[in-house]
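Grab a coffee and work through these exercises with the structure open beside you. Each one sets a task and then walks through a solution.

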Amino acid sequence: MNPKLTRRRFIKGVIASGAAATSTTIWYAANGADRPAGYVERLIRINVNGQVRSVDVAPQETLASTLRYKLGLTGTKLGCNRGECGACTVLVNDIPSYACSVLTHSVKAARIETVEGLESPNGDLHPVQQAFVEELSPQCGYCTPGQIMAAVGLLRANPNPTREEARQGLAGNICRCGSYDSYLDGVMRAAQIG
Amino acid sequence: MAYMHIGKDFVPPDVAGKVTGRIKYAEDYSREGMVYARLLTSPIPHARVVSIDASAALAMDGVFGILTADDVYPDGEPGGTGLKILTNEPTLVGEPILALAAVDEKTAESAIAAISVTFERLPFVLDPLDSLAEGGPDAYTGGNTFVFREGFASEKWSRDQVASFRAGAEPTAEPQQQFAYGDLEAAFAQSAFVYEGSFTTAGYPHMSMEPRSAMAYWENGKLYLHGTSQSLTGLAVDMAGIVGVPQEDFVFINEATGGGFGQRARAGSIPSMAIPAKLSQKINRPVMMRISREEEFTIGGARQGFQGWLKCGFKADGTMAALDIYIISDNGGKGGGGDAFAAADCISILYQTEAMRFRGTAIGSNTGHRGAQRGPGQNQIAPIIAPILDKAAAELGIDRLAIRLLNTPQNGDVGGPQRQPLTSAYMPEALQQGAALFNYQERITRSRQRNGSKVTGIGVGQGYHNAGRSGMDGIVRLMPDGRLAVHNGVGNLGTYSYASTSRAAAEVLQMPWERVDVITGRTDRNLPVTSPQDGSNSIFTNTRTNWGAAQDLLAKMKEIAAMDLGGAPADYTVGGERIYKISDSSTGMTFAQIAQRGLQLGGKFTGEAEVPEDLNDFTKLSVSRLAGSALMGIFHDSRHNNNPPGFTVTFTEIELDTETGKYDIVDMVTIGECGTVMHPQGLKNQLVGGAVWGIGLSGYERHLYDPQNGLPASTGYWQSKVPTILDTPAKIRTGWVDLPDPENPVGARGIGEPAMGAVSAALTAAISDALDGHLFNASPITADMILNHLAGVTSEAVPLAQNNFRG
Ligand code: FES
Ligand code: FES
């Protein structure tokens with residue numbers, strides 16, 4: 001077993017991270033021998049939504065997997081798991097990024113933001129969330145967290161986009177329900193709410 | 001009519017969960033002790049499983065068990081076509097053969113790789129016409145088609161017959177299905193312009209954004225299934241049957257669904273949800289089955305493709321006098337779909353064709369399984385007919401809007417093979433409204449104008465789908481605290497109709513929306529049965545049931561008020577969360593008081609007696625569980641009369657680049673004609689969402705299979721091109737007619753499906769316009785087809801290919 005990762009320390013880390021103690025993580029913890037030969041630090045710390053979270057991360061693990069299945073942040077969705085749809089969009093240092101196509105180990109030093117981190121501490125919705133409610137932008141809602149994170153990233157870089165600029169900003173996010181028009185209305189309203 | 005709720009925007013209760021990420025889809029749940037299932041799927045398009053050796057896999061650490069077709073069908077697999085839970089005779093690549101559960105997905109994948117399956121290869125076919133030709137392979141073991149109540153059959157034409165059809169001639173073989181009305185021969189004889197030609201429309205996958213993952217566990221003999229569905233109770237009742245569990249022991253949990261588009265309406269189209277249920281039962285652990293995008297492609301369904309021929313006659317004044325249409329529809333690997341019939345029915349209604357003959361035959365291919373996809377049939381034919389209508393208009397010297405106004409349905413019209421009356425139809429109004437918003441008279445003057453390599457095309461399209469059912473149930477409760485609970489079995493796939501139809505009940509009781517709780521999301525919340533939520537029917541169907549249940553509640557409230565406060569029930573009305581005497585508003589009771597009084601009285605007031613006998617079984621179960629909890633309104637909806645239609649009209653201007661074959665949509669106006677508008681924002685979303693689907697149908701979407709090995713070549717979003725935001729206009733302008741339908745208590749009908757047809761029709765018409773009236777007779781019309789045409793690389797006859805590139 002990884003000498004730096006005792007079972008006790010691992011479980012403590014998982015509890016500290018607030019993750020659901022799924023059978024997967026417990027099984028990994030109890031079966032250190034299964035770890036790949038060649039040592040890679042697995043218990044890493046990542047900054048998610050302003051909190052530093054300790055989490056056990058496999059070498060090939062994607063950020064989407066870590067967020068969803070280790071940290072319980074299921075707001076980040078998987079539509080394709082191969083960089084085609086944008087449902088998994090999160091912000092990495094303010095840049096919208098496909099969490100399915102980013103290795104968690106590569107963002108150890110980064111600031112990661114997910115849809116769960118947008119509300120203010122008193123529960124107020126972020127202007128983009130508020131605008132998406134007012135414009136009824138989501139249909140099925142499965143692409144919505146990704147659209148929101150893309151929109152937040154866009155508005156941080158360009159607080160007053162034209163509709164065309166907003167359209168380009170959301171171009172990496174597919175909506176199979178075809179709610180693009182309503183998402184664009186939402187982004188333009190969010191820019192006004194600011 | 002002045003309504004309190006109908007026609008007004010509101011915030012549906014689930015929107016906050018959607019923008020915060022809190023709402024849960026099936027894959028977002030976990031359960032203590034949960035293990036993970038992976039699928040072993042067929043690598044070949046048609047085969048028989050000879051043997052399965054899973055011994056090495058089962059001996060691996062962390063593996064809990066496997067589930068095979070022999071486990072789920074101990075008495076043999078069901079006969080006929082249709083998706084199965086698991087199968088020993090796959091008829092398409094990707095069909096699930098077995099499932100394996102392990103401690104995590106990596107272990108499950110490794111274990112699956114250690115399973116040895118011996119397949120016997122069977123003949124396969126990808127193009128229905130190849131199967132139809134004498135000596136051609138059949139997609140299924142029993143033949144290439146399945147005849148209702150008769151079983152498998154092998155439909156064969158002579159090779160000459162197939163070749164002549166491929167070359168564009170009228171098919172001469174007997175069809176499986178046909179209808180006719182009017183004197184076709186006489187109608188053609190009266191026609192001043194007759195068009196004849198063949199056409200194709202492509203099959204393509206639904207590709208809902210949420211893959212159909214599911215999680216199941218058993219507790220105290222009950223099955224809890226977290227799944228995905230567009231119908232909730234409409235699907236759950238049959239899913240209990242597929243799993244083999246009594247309805248009362250089955251809890252289906254489905255707060256939100258990441259898209260359905262027809263493929264998650266009925267249990268039969270998503271039997272894969274039974275896999276974690278059965279596996280969990282077998283290994284006695286919660287099982288999560290995550291479905292990948294590739295798996296969603298292969299088991300997620302597809303639209304039927306058409307290979308057809310038609311002949312259409314127009315009188316000198318532009319009246320569509322005659323239509324003769326013959327369609328070979330692609331039934332894919334698992335059969336299913338009545339799209340061809342629906343396509344013909346649509347033309348009959350949308351253009352009020354005076355005489356008509358439809359002939360159709362459905363043939364299997366070893367490709368994605370087919371089933372309903374947004375406007376199945378109606379939407380494939382809409383983009384084929386629109387440019388033909390424009391050709392007729394040009395030949396006869398009639399304006400393109402005028403020829404549509406002449407042929408369009410209106411109040412009092414009939415349609416389809418039964419010549420069934422429409423409940424109402426305000427299409428002339430919709431066309432005029434759209435023309436005014438689009439500024440058609442000015443815009444049409446820009447038709448075919450050139451600007452360098454760009455040329456302008458103008459298109460007008462119409463869409464239709466029947467948009468309402470009846471015969472379902474409603475349950476509402478007035479709670480002791482005076483709140484109204486509307487139990488709604490409608491699925492939550494993004495239309496918000498579960499909420500907007502609940503407002504019909506709030507309307508009856510004049511109840512503020514913030515005092516209404518919509519009870520939905522899981523079947524143990526005691527929901528009524530609704531129809532499968534397909535066919536654009538929810539708005540019509542469930543405003544009827546909720547309105548009816550609320551009326552039943554109101555009648556009971558009036559009866560109690562008259563009993564306690566004097567007078568007759570008719571002396572009372574409601575408002576301000578009170579029931580009071582019309583003649584003396586100070587004599588009355590609050591809603592909380594009357595709910596409490598109802599509880600004291602019990603019996604029929606609380607669902608403990610005099611429950612309507614004709615309720616569906618699952619509704620009876622829900623009512624029995626709720627009995628005695630509140631003052632209840634219960635309703636079984638009787639059947640409505642005639643055909644409630646959903647109509648749309650679209651006007652568009654495109655700029656087609658003759659150098660690239662691509663086009664920009666410069667403007668698009670789309671108008672809904674769906675009776676009284678229930679929820680303007682929801683309607684706008686259906687119109688713009690349908691528009692994006694229409695853009696995909698006419699310009700991009702098709703699936704592809706490798707002809708040599710039958711492998712799908714388009715399992716991702718990238719290869720099965722779904723429109724992105726950049727393929728759609730920066731603004732789609734919407735509007736609606738908003739005139740009431742007499743067969744619905746608030747006048748409403750559905751819209752989801754026709755929203756797509758009109759847009760696809762307008763776009764193919766605009767493309768044809770930009771290319772001087774050239775008819776591709778196909779959907780999609782891709783950039784390479786446009787470039788080939790411009791380069792003179794074109795054939796008069798459409799090659800009629802299916803599931804691969806044309807030609
Ligand atoms: S899930 Fe990451 S791009 Fe689709
Ligand atoms: S709202 Fe359904 S995929 Fe975008």
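**Exercise 1: one helix, two checks**

Task: find out which residues of helix 14 of chain B are buried, and check its length.

Solution. Start with burial: Met427(B), Pro428(B), Ala430(B), Leu431(B), Gly434(B), Ala435(B) and Phe438(B) are the buried ones in helix 14 of chain B (buried is under 20% relative accessible area, with a 1.4 Å probe and protein chains only; helices are DSSP runs of H or I with at least four residues, strands are E runs of at least two, both numbered from the N terminus). They cover an arc of only 160 degrees around the axis, so they sit on the same side of helix 14 of chain B (the arc uses directions from the helix axis to the C-beta atoms).

Now the length: twelve residues (427–438) at 1.5 Å a residue should span 16 Å, and the end C-alpha atoms are 16 Å apart, so the two agree (the expected span is 1.5 Å times one less than the number of residues). Next along is Asn439(B), with a positive phi near 60 degrees.

A word on ground rules: this is a predicted model, where local features need pLDDT of at least 70 and side-chain atom pairs count only at pLDDT 80 or more, while totals for chains, interfaces and linings use all residues. Residues are numbered from 1 along each chain as written, chains are lettered from A and ligands numbered from 1 in the order written, and side-chain values use heavy atoms, without hydrogens and water.

**Exercise 2: a helix pair in chain B**

Task: how are helix 18 and helix 19 of chain B oriented to each other?

Solution. First, the axes of helix 18 (residues 538–565) and helix 19 (residues 591–601) of chain B come within 10 Å and cross at roughly 85 degrees (axes are lines fitted to C-alpha atoms over the stretch in contact, with angles from 0 to 180 degrees between N-to-C directions). Helix 18 of chain B and helix 19 of chain B are therefore roughly perpendicular (65 to 115 degrees). Among the residues making the contact are Met557(B) and Ile560(B) of helix 18 of chain B, and Phe591(B) and Leu601(B) of helix 19 of chain B (contact means heavy atoms within 4.5 Å).

**Exercise 3: over to chain A**

Task: which residues of helix 3 of chain A are buried, and what follows this helix?

Solution. Count first: seven of the eight residues of helix 3 (residues 63–70) of chain A are buried. They are Leu63(A), Ala64(A), Thr66(A), Leu67(A), Arg68(A), Tyr69(A) and Lys70(A). After helix 3 of chain A comes Gly72(A), with a positive phi near 70 degrees.

Definitions and conventions
Buried means under 20% relative accessible area, exposed over 50%, partly exposed in between (1.4 Å probe, protein chains only). Angles under 35 degrees count as roughly parallel, over 145 as roughly antiparallel, 65 to 115 as roughly perpendicular and the rest as oblique.
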